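This report describes the fold of one protein chain for a reader who is new to structural analysis. Please keep the sequence and the model in view while reading.

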Amino acid sequence: MSKVKTFTLGGKALPVDLHTVWTDDDGKALTVGDGLIQFDFGYRNIRVVGRMEQALGSAHLKLVGDLGPMPFSAESPTARAGLARIIDAANADLGGSLFRVTLGRVLLGSDIDVPVPVTATGLVTSVAGFLLPTLPYLELIAMYIRPPLATSRPGESAVRPEWRRRKVTGSGR
C-alpha cells in the first residue's frame, strides 16, 4: 500500500512531500527509473493537472490547464476572434504551442523537463518557470471568458457579458 505524500505551502496541503518526492513507503529513495506522480492544483481560477514520470535518470512533467470554452461564432464572434489572436500571439511570443483549442476548450499545456534528483523545490520551480510567463496572456483571456473555477451563477455563460451577442428586439422604428 502506498502512502499519500503531502507538503504544506501557505497553509494549503499539496500532493508532494518537500524532501522525499521519490521514496517508497519506508522512506527509502526509489531507484532511477521508478516513479509516477499525478497531481492537480488551482492557479488563477484555473485547474492545472500534472503528471510527472521519472525514468532512466530523467524526470518529465506534463502540465495541462483548462482555461474555459472557446465561444461559438454564433455566441460571440468578437470574443472568438479576440481569443484566437491572443492564442496566436502567446504562442509566437513564448514559443511552441503552449495555448491551443481542443474539443472546444482553450487549453494551456507543456512538457517540462524537471531536474533530477527530483525534489519538491525543483518541481515547484519548474512549474512556476512555465506558468509565470503565461500570466499576461491568462489575464487577457480572462477578459473574454470567465476562468472555470471562478464563481458564477448556475447556467451562466463563460463568455463575459460585454462580449456576448445581443438579442435584437423590437422593430427598430
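## Helix α3 and the sheet

Helix α3 lies across β3, β4, β5, β6 and β7, running at about 40° to β6. Axes here are lines fitted to C-alpha atoms, for helices over the stretch in contact, and angles run from 0 to 180 degrees between N-to-C directions. Helices (H or I, at least four residues) and strands (E, at least two) are DSSP runs, numbered from the N terminus. The model is a predicted one, in which local features need pLDDT of at least 70 and side-chain atom pairs count only at pLDDT 80 or more, while totals for chains, interfaces and linings use all residues. Residues are numbered from 1 along each chain as its sequence is written, and side-chain values use heavy atoms, without hydrogens and water.

Within α3 (residues 135-144), the buried residues (under 20% relative accessible area, 1.4 Å probe, protein chains only) are Tyr137, Leu138, Ile141, Ala142 and Tyr144. Viewed down the axis of α3, these residues fall within an arc of 150°, so they line one face of the helix; the arc is that of the directions from the helix axis to the C-beta atoms. Their cover includes β4 (46-55), β5 (58-69) and α1 (77-94).

## The five-stranded sheet

The chain has three helices and seven strands, which follow one another in the pattern β-β-β-β-β-α-β-β-α-α. Five strands form an open sheet in the order β3-β4-β5-β7-β6, with antiparallel pairing; two strands pair if DSSP finds at least two bridges between them. At the edges are β3 and β6, each of which pairs on one side only. On average, neighbouring strands of this sheet are turned by 25° against each other, direction ignored.

Strands β5 and β7 run antiparallel and are joined by 10 bridges. Alanine 59 stands opposite valine 114 in β7. Helix α1 lies across β6 and β7, running at about 140° to β6.

## The nonpolar core

Of the 173 residues of the chain, 34% count as buried. The largest nonpolar core (buried Ala, Val, Leu, Ile, Met, Phe, Trp, Tyr and Cys residues joined through side-chain atoms within 4.5 Å) has 34 residues, of which Leu61 and Phe99 touch the most other members. Among the elements that give two or more residues to this core are β3, α2 (120-131) and α3, while α1 gives the most, with five residues.

Leaving aside neighbours within four places in sequence, leucine 61 is in contact (heavy atoms within 4.5 Å) with residues including Phe39, Met52, Ile112, Val114, Leu123 and Val127.

Note on methods
Buried means under 20% relative accessible area, exposed over 50%, partly exposed in between (1.4 Å probe, protein chains only).
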